[in-house]
Each structure stands twice: as structure tokens, then as C-alpha cells.
Amino acid sequence: MEISRRRLNWGLAATLAAPSIWGAGRAAGETIKIGMVLSVTGPAADNGKYALAGARIALERVNKAGGVLGRQIELVTEDDQTTNPGAVLAFSKLAAQPDIVAFLGPIRSTQTHAIAPDVLKTGKPVCFGGTDPKLTKLGNSWLIRFRPNDTYSGRVIASFGVETLGKKNWAIVHSTDAFGMGGFNALSASLAKIGAKVASDQGFPNQNQDFTPVVLAIKSSGADIVGSYFTFDNDVALFARQLRQLGVTLPWVGSPSAVDVGAVKLAGPALYGVYGVADYAVDSSPQAKDFAGGYTAMTKLQPDIYSSWTYDAIGVLCDAMKRAGSTEPDKLRAAILATRGYKGAEGEYNFDEFGDGLHGYNIVRNEKGSIVFDKHIEFTD
Amino acid sequence: MDFFLQLLFTGVGIGAVYALVALGFVLIFRATNVVNFAQGEFSMVAAYLMVVFAVDLGLPYWVAFLISIAGMALLGAAFNLLVYYPLRNRGFLPVLISTIGASIFLGNTTLALYGPQPQVLAGWLDTPGFQLGPIYLDSQYLVIVTVTLALVLFQYWLFEHTLLGKKLQATSQDKEMAALLGVPVALMIMFTFVYSAVLGGIAGILVAPVLFVSIQMGSAIALKAFAATIIGGFGDVAGAIIGGFAIGIVETLGAAYISVPFKDAFAFVVLIAFLALRPQGIFGERVAEKA
């Protein structure tokens, strides 16, 4: 068969045009990718599961509503193995993918410190949940926090314990990682400001197998209240059990881990009556209730801090992309920091120049295994 | 004094767990000259089996215990056939790496099958503890110490007063000579893996009500148990037991009287001191003699 010149030209034109037509179609269908570093293995793997569920609920809602900038949002995850080297490796793998526009980082301060240098090199917004106050003061403008930092938790724990419960002699039990040390410093500074004192400073290594020495030291210290900053649920539960077994009935006001779902389940009655500061409390706002409805429907579990901050982070990120009209890193970061009055599950986001979005905490109490909202304390300074 | 006695009781309880896991290390080392780095995972797997049978399926505690121990015996046999036996003539290092691989496999398989949430397992006794004067005795620690001592006595009887024990000892001392004398060496090694898995499993089931059931529980115990075997003298049964109790007591007293943040370091300071001053451990033979 002879091919005419006209047919050949049409054929060539079609061949040349096809990739660009197909490419244009593909571009229209392309997703916006958000990277997420989370614990799939290691001692915080359960927390990682909750974090992923929170992010997925937000993602489903955004995508159902038509996505952002005409595109669907996609989550790309990497396991941090609940270790610092694991977090660095996980973030590096995600950062190597040029089409990822922003990241959800770890909830643990120590891991956030570990990835901070790579975050700076990558130059894209990283939303994180670590509460060490130093993290947004490192001179690393890409780190943006979605939980209230420990200067707030320290102030709320101190003010509630001293002013509401009337206790001025504190035993502070804390892990010796970045989170625990940051919390201890914040709480002891807040106590000093309002005239209370630290009777006993009890630091311990994470994944401790026995708290008898800690409990006996508290018992003999003359403390009239316990304050705590624990990193892992099983440490909270083991400490709570041994505290009660060895006859210590002091009131206890702890950081969020003292009232999170995992610790409450493991410790059972040993944590009854314990107060905690929690960035998430189901009865704290209509948005928190709405999130709880979606979360429980999806997971059959009660939501807690591990899931609420990732839910909010995806929400704020998508909102910022819409306002910026772009996923370009500088514009996206500026839009996130310009967020004012965004009502999330954790509270109202008003970012300051350092990248801290939340400035208050809820006080909650463990009432026979149920976490009951007491009040929200917001700071403006 | 009350303070000291309370700490001593806790140290002995924790030390009993290290001793049980250390026994498993020693038995396998004696039979195969290899350190089994999955010994801690045996404890973790057994604890999860208990959760499945006693909590999820609601079987009576003792029935769940017997099924879990039977499961551990099967796991020990499978471990021997799949992890040790194919590499038995390839020297020390390939087998050691194989046990590390098996340890990761067991941890991640359990994670995939059961999920990451730590689980609660009830104690063996209905009462959580007893007050003896100023000292609180956690009932589970009492069970741990009692069962450990019973198993030590059982093991003494097994090794010193039964033909099976003599065959196991002969295998551990000189496999070639034992084979020439008609001892079924492969079967003895199989039995050693089964028995070690059962020992590790009992340790896991015993400690689970205290430390909760989690994927990491085995590795945390195994690290200290490994230190205990070195302090006691690698390959020596009595040394492993004494090393286990010593580590438990030293770390508890060290945490209370010196520093809680350095609690884990005390065990390893003792370990380093032994490696520097008495590398053969308390009861162990000199490496040169073994070679």
C-alpha cells in the first residue's frame, strides 16, 4: 500500500501531538502530594496509626469537596520507626520526591529536632506536632507547629495545680528526651513564677521497665502534687500503676500523654481522677465534636492528640494552598502563617511569626476511663 | 531500710525475668555456639499468643497458657529448622545474622498481624499485691520469682538426673564425640531450641502483666538478659541466673540511690567492668580454654 504525502503528514502530526495532548490530560489529573513522616513500627506505632487516620479523614473531606486548585490531594507516607535516625531517613526519602509540596512531620520533639537540618535544606513547609518550645525558635522558618508548645502546657499545668487545686509542692516526673526535658523546664519555670516549688525532679529514660525508685523518691520528697511529661503510653501506664500500688494518692496533672486513649486503656483505674492538659478534647468545640464523629466512624476509636493535629494540619495546608493559589513553597508558607481564626479540632489557629498556630490548652479529667472536658485556657501573650 | 527492701524486692522480680531469658541464651549457645538474638522475640510472641487465647478468645487462663507454650514449642522447632539448621555448617556469623533477621521478622509479623497498640494481660493471681509491713509485694513479681526458681530446679533435675539431660550436655560439650557415642545430635539441638523458646515464652507471659504486651517488650528484656549471660559467664547456667538477678538488683538500686536517668547504664557499666576485668564472667571458662 502506498502512503500519500497528506496521510504521512497527518500521521506525523498526530504522532508529535499525542504526547503533549496525553501530558496535558495527565497534568489535569495530577494530584497534589503531601508527604507524611509517621511511626508505622517501633514503640509509637499505635500513635502513628492514629495520626494517619486523622490525616485521612481531612483528606477525604477535602477531596470530596473538589480538592484544591482543581486537583485531588494525595498523601505519601514513610515510616520513622519511632527513632531519630528513622525519622531522618523517612524525611529524606520524601524530600527526594520533587512533586511533594509540603510535609507532615513527627509529633515527637526529639525526632523533629533530628530532621530540622534537612527541613531547612529542603525549603518546603513541614507541619509538625512536637511541643518543645525551641523548635520554632531554631531559625528554621519551614517548621510550622500544629500543637500548642510546652510553654503553654507548663503554664496551664502550673496554674491549674496551684490556683485551682491549691498545691504548691511539686514532684515532676518526665522523660529525659527533648520533649520531657523541654516540658520539665517549662513547668518548673511556670511554677517558680507563681511561687510554687519543685520538691522532686524525677527524670527517667523512655521505655522504662520499673518506676519503683521514682515513686519512692516522690513519696519521701514531701510533694503534694505530681506533674508529668511522659513520651510513651506504656510508661504512663506503668508509672500510674506503681504509683497507686505503692500508696501514693497525690493529685496528678500531666501533659497530654497522661490522658490519651492508649494510656487510659492500658492503665485502667490507676489513671482515674488524673488531670491532663490536652490540645484536643471532644467537647471543647463544635469542630472537635465533628472531627470525633468522623474519626470514630472510621476507626471505631476515640480520637486523641495524635489524630487531631494531623487532621488540622491537612485542613490548614489545603486552606492555605487555596488562598495562595499556588503550591510554590514561599507562597504556601506565607499563606499558612497568614492563617487567622481557622477553627480546627484542636482549637483556633492564629499563627505567630515563629510558626506557632495554637496558644492555649484544654484541661481534661479522667472520669472512670472517660476523658471529660473541664475548661480551655487561651493565652494572648 | 523499708525503702531498700522495697527496691530489693522489685530488683529481684525484674532480675528473675532477665534470668529466665538469659537461660534461653545460654542453652542455645551451649548447644550451637551461637547467640540467638531472637530470644527476646520468643517472649514477645508468647505474650501475644496469651492475648489472643486468653483475652480475645476468652479461654481460661491456664488453657491459654498451655496452648501458648505449645505454640512456643512449635516456634522453637520451626526456628531450628528454618533459621539454624540450613546454616549450621557455615560458621558463627551467618547463623548469628540469621537470628537477627528472624528477630526482625517475628517483630514485624506480629505487628502486621496484631497491630501496634500495646495490650493488657491480667496477672496470674486475682489480687494485685500484698502489703507485708511497710513493703508492697506485687503478686506478679512473686509469681515471677517462684516460677523462675521452679524452672531452675527443673532444669537442674533435667540436666543432672535424666538421660536426656546427659545427652544434651554431651551435645553441648562436643558434638562429634556425642555423635560417635550414638547421641542424636540434631535431635538434641532441636530439643534445645524448643526448650529455649518455651523458657523465653514463659518469661514473656510472666512479665506481660507488669510491662504490658508490646512489640518492643522482648528486645528490652533481651538486651539486659544478654548482659546477664556475659556477666554470669557465657555458657554457664548458674551464671546466667545469678547474672540476671544481679542486673535486676543493680539497676534498681542504682536508679534509686544514684540516678534514675542512668538506670539502663548501670547494667552496662557492670557489663563493661566484667568485659575489662573478667571477660569470662563469674562462672565462665576462659575463651582460650574454650577454643
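# Briefing: rings, strands and a pocket in a two-chain model

Counted over all chains, there are 33 aromatic pairs. One of them joins A:F204 to A:F211 in an edge-to-face arrangement, with 5.0 Å from centre to centre and 75° between the planes of the two rings. The structure is a predicted model, and the points below take up, in turn, its aromatic rings, charges placed over rings, a pair of strands, a pocket, and some single residues.

**Aromatic rings in chain A**

- Both partners of the edge-to-face pair described above are buried, since A:F204 has a relative accessibility of 0% and A:F211 has a relative accessible area of 0%.
- A:F239 and A:W252 make another edge-to-face pair, in which the ring centres are 5.2 Å apart and the planes meet at 85°.
- This pair ties together parts of chain A that are 13 residues apart in sequence, because A:F239 belongs to helix α8 (residues 233-245) while A:W252 belongs to strand β9 (residues 252-254).
- A:F239 counts as buried because its relative accessible area is 0%, and buried means under 20%.
- A:W252 falls under that same 20% limit with a relative accessibility of 1%, so it is also buried.
- The rings of A:F204, A:F211, A:F230, A:F239 and A:W252 are linked by ring pairs into a cluster.

**Charges over rings**

- In chain A, the charged end of A:R155 is placed over the ring of A:F379, at 4.0 Å from the centre of that ring.
- In chain B, the residue B:R88 lies over the face of B:Y85, and the distance to the ring centre is 3.7 Å.

**Strands β6 and β7 of chain A**

- Strand β6 of chain A, which covers residues 169-175, is mostly covered, and seven of its seven residues are buried.
- The side chains of β6(A) are divided between two directions, with A:N169, A:A171, A:V173 and A:S175 pointing one way and A:W170, A:I172 and A:H174 pointing the other way, and all of these residues are buried.
- β6(A) runs parallel to strand β7 of chain A (residues 197-204), and seven bridges join the two strands.
- Within this pairing, A:V173 stands opposite A:Q202, a residue of β7(A).

**The second largest pocket**

- The second largest pocket holds about 500 Å³ of space.
- Its lining is made of 21 residues, and those that lie nearest the centre of the pocket are B:E41, B:S103, B:I104, B:Q216 and B:S219.
- Three helices of chain B, namely α2 (39-56), α4 (92-114) and α9 (217-232), each supply at least two residues of this lining.
- Among the contributors to the lining of the second largest pocket, α4(B) gives the most, with six residues.
- By residue type, the lining of the second largest pocket divides into ten nonpolar residues, ten polar residues and one charged residue.

**Two buried residues in helices of chain B**

- B:G200 is part of helix α8 of chain B, which covers residues 185-211, and B:G200 is buried, with a relative accessible area of 0%.
- B:G200 and B:L211 are eleven residues apart along the chain, and their C-alpha atoms are separated by 15 Å.
- B:Q6 is part of helix α1 of chain B, which covers residues 2-32, and B:Q6 counts as buried at 4% relative accessibility.
- Although B:Q6 and B:K224 are 218 residues apart in sequence, the distance between them in space is 21 Å, taken from C-alpha to C-alpha.

**Two loop residues with positive phi**

- A:Q81 is a residue other than glycine, yet its phi has a positive value near 60°.
- A:Q81 is found in the loop of chain A between β2 (73-79) and α3 (84-95), where A:Q81 counts as partly exposed at 37% relative accessibility.
- B:F212 is not a glycine either, and its phi is positive at about 70°.
- B:F212 lies in the loop between α8 and α9 of chain B, and B:F212 is buried, with a relative accessible area of 1%.

Conventions. Residues numbered from 1 in each chain as written. Chains lettered and ligands numbered in written order. Predicted model: local features only at pLDDT ≥ 70, side-chain atom pairs only at ≥ 80, totals over all residues. Heavy atoms only, no water. Phe/Tyr/Trp six-rings, centres within 6.5 Å; stacked < 30°, edge-to-face > 60°. Buried < 20%, exposed > 50% of the residue type's maximum accessible area, 1.4 Å probe, protein only. Helix = DSSP H or I, 4+ residues; strand = E, 2+ residues; numbered from the N terminus. Lys NZ or Arg CZ within 6 Å of the ring centre and 35° of its normal. 1 Å grid on protein atoms, 1.4 Å probe; cavity = no way out; pocket = protein on both sides within 12 Å on 5 of 7 lines; lining within 4 Å. Points joined across faces, edges and corners; volume = space filled by probe spheres on them. Nonpolar A, V, L, I, M, F, W, Y, C, P; charged D, E, K, R; others polar. Pairing = 2+ DSSP bridges.
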